[in-house]
Amino acid sequence: MTARMLARLALLAAALGAVAAPLTVPAQSSKVVLRVPVEGMIDMGLAPFMRRAVKEAEDMRADAIFVDINTLGGRLDAMIEIRDALVDASILTISYVNPRAISAGALIAMACDSLYMAPGGTIGAATPVSGQGEKASEKVVSYGRSEFRSTAESKGRPADVAAAMVDEEIEIEGIIEAGKLLTLSATDAVKVGFAQAVMESRTEILRRNGLEGAEVRSVSPNWAENFIRFLNNPVVSGLLMAIIFFGIIAEVQTAGWGVPGTAALIALSLFLGGRYVVGLVGFEELMLLSLGFVLILIEAFAIPGFGIVGTLGILSMLAALVLALLGRAPSARDVSVATTMLGTSLIAAIVGAIILFRFVERSPMWARIKLADTQSAQMGWVASSVESDLVGRHGVAATDLRPAGAATFDGRRYDVVSEAEYIDRGETVEVLKHEGYRIVVRRVPAPDEANA
């Protein structure tokens, strides 16, 4: 290859490079910001979503978490869990109150490293209230006040200002007088040093934090988290409990196991499952529920009638449901809502059962699925008569009596129940009493046992 040819090849390569240079795509920013919306009611279904979002941001090594807030508040326990997730985050957290962060939303906003307000935004009014809208007990208020104060201190914000959002007894000269609950406007929040600045857009906030041009990825609740939030909605929870109670009442009134019992089990699984995921159901609730279920089974199959054991079983299950409605830090409002929901659901179930057994049973549609005809004596049907001469007779247990089973007397088989003990198959039994169609027997000791 000659020198001239080499020169030509070099000129060609340079020309191609000049043509290709303008087509080169500039490298994009390597900075990533994960945007997390906090909207609507703060409930326990929102807590797992926030924990997932923080973990996802940490796993992808994002430069910041941008929390977009617009809420009027919600549950105290959900607020605490979301606050903990943000405070413990290992990366920069930025909150943007757009346009309001009231009650629980105020703590979530101040749990972030930087706090910005939208024009016209508000933050504060965080005193806990009861189900009647009245101020909660001093114990609950004290807990909320300490959470707000400690969170503000950890993020370098004025602790007294945060505490005044919870307790109207706190007075701050030039900011709030005693007897009034503190709510800050956007400009006031900046003036007292509670917020960094008033910003009109997310772009301005990112630029201020050195994240201009960063890729913003929005994360939203997935279908499972939305389903959990749906199940934990107070209206849906109340409906599930009403189905549970209705199913139990209907199963007690009908023979065998049918649709009502199956519906009750499904509703119970959804109710407890949804609350287990968000941490409202733990070991204590499951133990109480299991104990109640066992006591009801004992009452139904081992003890004639329905008495103390069955009542204790029902009370145990009700206690488990009430505890499942509460959280680790229930406020007076949570307790009031839980008891109201339980009572309303129970009343609805009773009314539904009355409607079913008094009105629906008479409809033509119900007659297609349930046998409505009776077998009367006038039609030639005669029930077997009570054989009083069975008392004192000896027979043989045809099955294990635990305590119910069957026994044969003079070659005829009867359904019997043992007086107290379990009796093995093949043992000799004696009829103690014949009450209606209930034959009570006891085991007859073998001759060698009697002599011993």
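Biologist: Which residues does Arg35 touch, leaving out those up to four places away in sequence?

Modeller: Arg35 touches Phe66, Asp68, Arg202, Val216, Arg217, Ser218 and Val219. Bear in mind that this is a predicted model. Arg35 itself sits in strand β1 (residues 32-39).

Biologist: What makes you call Arg35 buried?

Modeller: Its relative accessible area is 16%, and buried means under 20%, so Arg35 makes the cut.

Biologist: And why is the pairing of the Arg35 and Asp68 side chains called a polar contact?

Modeller: The two side chains come to 3.1 Å. The cut-off for a pair of N or O atoms is 3.5 Å, so this one qualifies.

Biologist: How many aromatic pairs turn up in the whole structure?

Modeller: The search finds 2. Phe66 and Tyr96 make up one of them, with 6.0 Å centre to centre and 55 degrees between the planes. Phe66 is in strand β2 (residues 64-71) and Tyr96 in strand β3 (residues 92-102), 30 residues apart, which links distant parts of the chain.

Biologist: Why is the Phe66 and Tyr96 pair called tilted?

Modeller: Stacked needs planes under 30 degrees apart and edge-to-face needs over 60. At 55 degrees the pair fits neither, so it is tilted. As for burial, Phe66 has 0% relative accessibility and Tyr96 has 3%, so with buried set at under 20%, Phe66 and Tyr96 both count.

Biologist: What sort of pair do Phe409 and Tyr414 form?

Modeller: Edge-to-face, with 5.9 Å centre to centre and 65 degrees between the planes; the angle has to be over 60, so it passes. Phe409 is buried at 1% relative accessibility, and Tyr414 is buried at 10%.

Biologist: How do you know whether Asp167 is buried or exposed?

Modeller: Asp167 has 7% relative accessibility. That is under 20%, so it counts as buried. It is found in the loop between α6 (159-164) and β6 (183-185), and touches Lys135, Val141, Arg145 and Leu181, not counting residues up to four places away in sequence.

Biologist: Which residues have the most contacts inside the largest nonpolar core?

Modeller: Ile123, Met165 and Phe194, in a core of 63 residues. Beyond four places in sequence, the contacts of Met165 include Ala106, Met110, Ile123, Leu181, Leu184 and Phe194. Apart from that core lies another, of 22 residues, with Leu231, Ile244, Met317 and Ala338 among them.

Biologist: Which residues of helix α9 (residues 223-231) are buried?

Modeller: Glu225, Ile228 and Leu231. They lie on the same side of α9, because they cover an arc of only 120 degrees around the axis. Just at the N-terminal end of α9, Asn222 acts as a cap, with a side-chain oxygen 3.2 Å from the backbone nitrogen of Ala224.

Biologist: Which element has the lowest mean pLDDT?

Modeller: Helix α1 (residues 3-20), at 45, while strand β4 (residues 114-117) has the highest, at 97. Over the protein chain the mean is 81, and 79% of residues reach 70 or more.

Biologist: Where does pLDDT stay under 50 with 2 contacts beyond four places in sequence?

Modeller: Over residues 5-28. Residues 380-384 also stay under 50, with 4 such contacts. Where pLDDT is low, the predicted coordinates shouldn't be read in detail.

Methods. Residues numbered from 1 in each chain as written. Predicted model: local features only at pLDDT ≥ 70, side-chain atom pairs only at ≥ 80, totals over all residues. Heavy atoms only, no water. pLDDT = per-residue confidence, 0-100. Helix = DSSP H or I, 4+ residues; strand = E, 2+ residues; numbered from the N terminus. Contact = heavy atoms within 4.5 Å. Buried < 20%, exposed > 50% of the residue type's maximum accessible area, 1.4 Å probe, protein only. Arc of directions from axis to C-beta. Polar contact = N/O pair within 3.5 Å; in protein donor to acceptor, adjacent residues only side chain to side chain. Phe/Tyr/Trp six-rings, centres within 6.5 Å; stacked < 30°, edge-to-face > 60°. Core = buried A, V, L, I, M, F, W, Y, C linked by side-chain atoms within 4.5 Å.
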